[in-house]
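This briefing goes with the sequence and structure shown below. It is meant to be read with the model open.

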Amino acid sequence: MNNEHRPYTLIAELTYRCPLHCPYCSNPLDFAEHGNEIDADTWLRVFHEAEELGVVQLNLTGGEPLLRDDLELLVEGARKLDLYTNLITSGIPLTSQRLSRLRALGLDSVQISIQSTRRSVADRIAGAPSFNRKLDAMRWATSLEIPLTVNVVLHRENISEIEELIALAECVSADRLELANTQYLGWALKNRAALLPTREQIERARTVAAEAKARLRGSMEVLFVTPDYYTDHPKSCMEGWGRRFIVVNPEGLALPCHLAHTIPGLRFEHVTQRRLSDIWHHSAGFNRFRGNEWLPDPCRTCERRVLDFGGCRCQAFHLSGDAGMPDPACSLAPGHDVIESARTQADRTAGIPVLFEYRTGRGRSSR
Amino acid sequence: MTLAAVRPRLNPKVRLRFDRRTGRHLLLYPETGLELNDTATAIARLCTGEKTIDDMVDHLTGTYADASPGEIRRAVHEFLGVLADRGLLQGAT
């Protein structure tokens with residue numbers, strides 16, 4: 001097989017359970033209805049099969065991966081396979097001792113999210129008291145010399161804090177700062193009216209982030225992800241469908257992205273029923289949007305198709321009702337008016353608070 | 001501190017790993033990585049904090065007889081620049 005369809009990263013969603021209730025959660029809306037979590041032995045087999053397929057990066061995420069009390073086993077197993085292991089966490093529940101143990105077992109880096117630089121705002125966005133504990137977790141990572149990524153999901157409630165967010169990341173000696181604008185799918189789409197910033201807010205934040213990126217080059221990487229609602233080109237979602245990433249969800253469903261299973265009519269398979277390499281190469285779901293054959297007009301003849309692969313299939317489905325249509329984020333897409341009207345609404349409601357619909361529902365435990 | 005005194009060392013967050021699918025080496029760091037050619041791999045291996053840039057050029061000139069010291073020096077500077085830009089290097093003196 002050539003390297004055109006080679007997974008480099010396995011995103012292991014260990015659980016949908018989470019102590020936080022963020023209104024932009026990337027888990028599916030019906031996360032609480034999913035089946036039991038797969039056990040550690042199954043995960044270790046998946047890591048092994050993923051490594052054989054070419055995976056070198058492992059993201060342990062969720063929900064909140066720290067809620068798995070077998071996380072240590074998974075980190076240890078990943079290290080034996082020489083995978084570069086990133087823990088993506090809210091920082092809750094974590095202790096300095098557990099982080100130190102995970103590091104000793106082979107954890108390579110940790111990513112901790114923060115909602116705001118102000119405790120009251122941060123706790124309100126997360127829907128749970130969490131700010132102080134997150135700061136503690138960041139300090140533990142730094143003092144244990146674990147490379148730390150601070151991740152901020154940006155939206156209209158926190159985007160004006162951009163300078164303070166950068167200062168906070170510097171203050172905790174972060175190695176990377178991800179200023180990632182919300183992607184409006186799942187919970188975030190439900191909350192779009194409360195979250196989508198105005199173009200003016202985005203432009204200002206982008207300018208500040210670019211200045212920080214230049215100033216901090218070589219000491220802290222600053223990444224600013226512009227929301228596709230304001231780029232007029234779709235994002236290169238997952239760097240192409242079934243091309244660089246495999247997501248395995250808590251019940252063992254292997255997917256091209258976090259929300260691919262919310263597209264009706266696609267068939268995905270469980271790692272408990274088929275080897276990962278068979279699923280990657282042969283499953284109907286993974287092959288559905290690979291290559292150029294499936295591309296609709298005007299993507300089919302667009303020179304940007306090699307850059308964005310036609311954009312996000314989930315967004316095409318959730319905004320236009322058809323996953324095979326061009327991503328409406330593209331200004332050339334027939335359904336682009338939905339993006340324009342969302343932007344108009346963001347302008348009209350600027351400064352007016354809209355209530356969040358928090359992520360709720362209890363994720364089922366495996367035990 | 002002059003450039004001649006710098007002894008480059010890879011940032012401890014970096015892991016060099018052989019990629020058996022391509023036969024090349026990958027330099028891995030949080031959530032991403034770089035695919036290296038043979039020259040870059042040889043240079044990365046010398047970033048131990050013990051060698052100055054001159055030492056590295058001397059060492060590689062001995063190994064790659066078909067390249068001139070000038071070419072090797074350029075390659076070393078260029079690749080160290082790539083690493084430094086990404087925060088993957090620490091310079092000890």
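The notes below take confidence first, then each chain, then a few local features of chain A.

The model is predicted, and the predictor gives the complex an ipTM of 0.91 and a pTM of 0.95. Chain A has 14 helices and 10 strands, and chain B has 3 helices and 5 strands.

**Confidence**

- The average pLDDT of chain A is 95, and 98% of its residues score at least 70.
- Residues 363-367 of chain A stay under a pLDDT of 50, although the model has 15 contacts for them beyond four places in sequence.
- Where pLDDT is low, the predicted coordinates should not be read in detail.
- Chain B averages a pLDDT of 91, with 96% of the residues at 70 or above.
- Within chain B, the element with the highest mean pLDDT is strand β3 (residues 24-29), at 97, and the element with the lowest is strand β5 (residues 89-92), at 76.

**Chain A as a whole**

- A compact globule of 367 residues would have a radius of gyration near 21 Å, and the 20 Å of chain A agrees with this.
- The C-alpha trace of chain A spans about 50 × 50 × 40 Å along its principal axes.
- Buried residues come to 59% of the 367 in chain A.
- Of the contacts in chain A with a separation of 6 or more, 74% are between residues 24 or more positions apart.
- The exposed area of chain A is about 14,900 Å², of which carbon and sulfur atoms supply 50%.
- Chain A carries 43 positive and 47 negative charges, and the mean positions of the two sets are 1 Å apart.

**Chain B as a whole**

- The elements of chain B run β-β-β-β-α-α-α-β along the sequence.
- A compact globule of 93 residues would have a radius of gyration near 12 Å, and chain B, with 13 Å, agrees.
- Taken along the principal axes, the C-alpha atoms of chain B fill a box of roughly 35 × 30 × 20 Å.
- In chain B, 41% of the 93 residues are buried.
- Residues 24 or more positions apart make 57% of the chain B contacts that have a separation of 6 or more.
- Chain B exposes about 4,900 Å², and 48% of that area comes from carbon and sulfur atoms.
- The 13 positive and 12 negative charges of chain B have mean positions 7 Å apart.

**Helix α2 of chain A and the residue after it**

- Helix α2 of chain A covers residues 71-80, and its buried residues are L71(A), E72(A), L74(A), V75(A), G77(A) and A78(A).
- These buried residues pack against two helices, α1 (40-53) and α3 (96-105), and two strands, β2 (57-61) and β3 (84-89), of chain A.
- D82(A) follows α2(A) and lies in the loop between α2 and β3 of chain A.
- The phi of D82(A) is near 65°, which is positive in a residue other than glycine.
- D82(A) counts as partly exposed because its relative accessibility is 31%.

**Cis peptide bonds in chain A**

- G62(A) and G63(A) are joined by a cis peptide bond with omega about 15°, and G63(A) is in the loop between β2 and α2 of chain A.
- I92(A) and P93(A) are also joined by a cis peptide bond, with omega about 0°.
- P93(A) sits in the loop between β3 and α3 of chain A.

**K235(A)**

- K235(A) is in the loop between β7 (221-225) and β8 (245-248) of chain A.
- K235(A) counts as buried because its relative accessibility is 19%, and the cut-off for buried is under 20%.
- Leaving out residues up to four places away in sequence, K235(A) touches Q183(A), D228(A), D308(A), G311(A), C312(A) and Q315(A).
- C330(A) is 95 residues from K235(A) in sequence, and their C-alpha atoms are 8.9 Å apart.

**F309(A)**

- F309(A) lies in the loop between α12 (305-308) and α13 (313-320) of chain A.
- The phi of F309(A) is near 55°, a positive value in a residue that is not glycine.
- With a relative accessibility of 23%, F309(A) counts as partly exposed.

Methods:
Residues are numbered from 1 along each chain as its sequence is written. Chains are lettered from A and ligands numbered from 1 in the order in which they are written. This is a predicted model: local features need pLDDT of at least 70, side-chain atom pairs count only at pLDDT 80 or more; totals for chains, interfaces and linings use all residues. Side-chain values use heavy atoms; hydrogens and water are left out. Helices (H or I, at least four residues) and strands (E, at least two) are DSSP runs, numbered from the N terminus. The radius of gyration is taken over C-alpha atoms; the globule rule is 2.2 Å times the number of residues to the power 0.38. Buried means under 20% relative accessible area, exposed over 50%, partly exposed in between (1.4 Å probe, protein chains only). Contact means heavy atoms within 4.5 Å. Accessible areas come from the Shrake-Rupley method with a 1.4 Å probe; for residues, only the protein chains shown count as cover. Lys and Arg count as positive and Asp and Glu as negative; His and the chain ends are not counted. The place of a charge is taken as NZ of Lys, CZ of Arg, CG of Asp or CD of Glu. pLDDT is the predictor's confidence in each residue, from 0 to 100.
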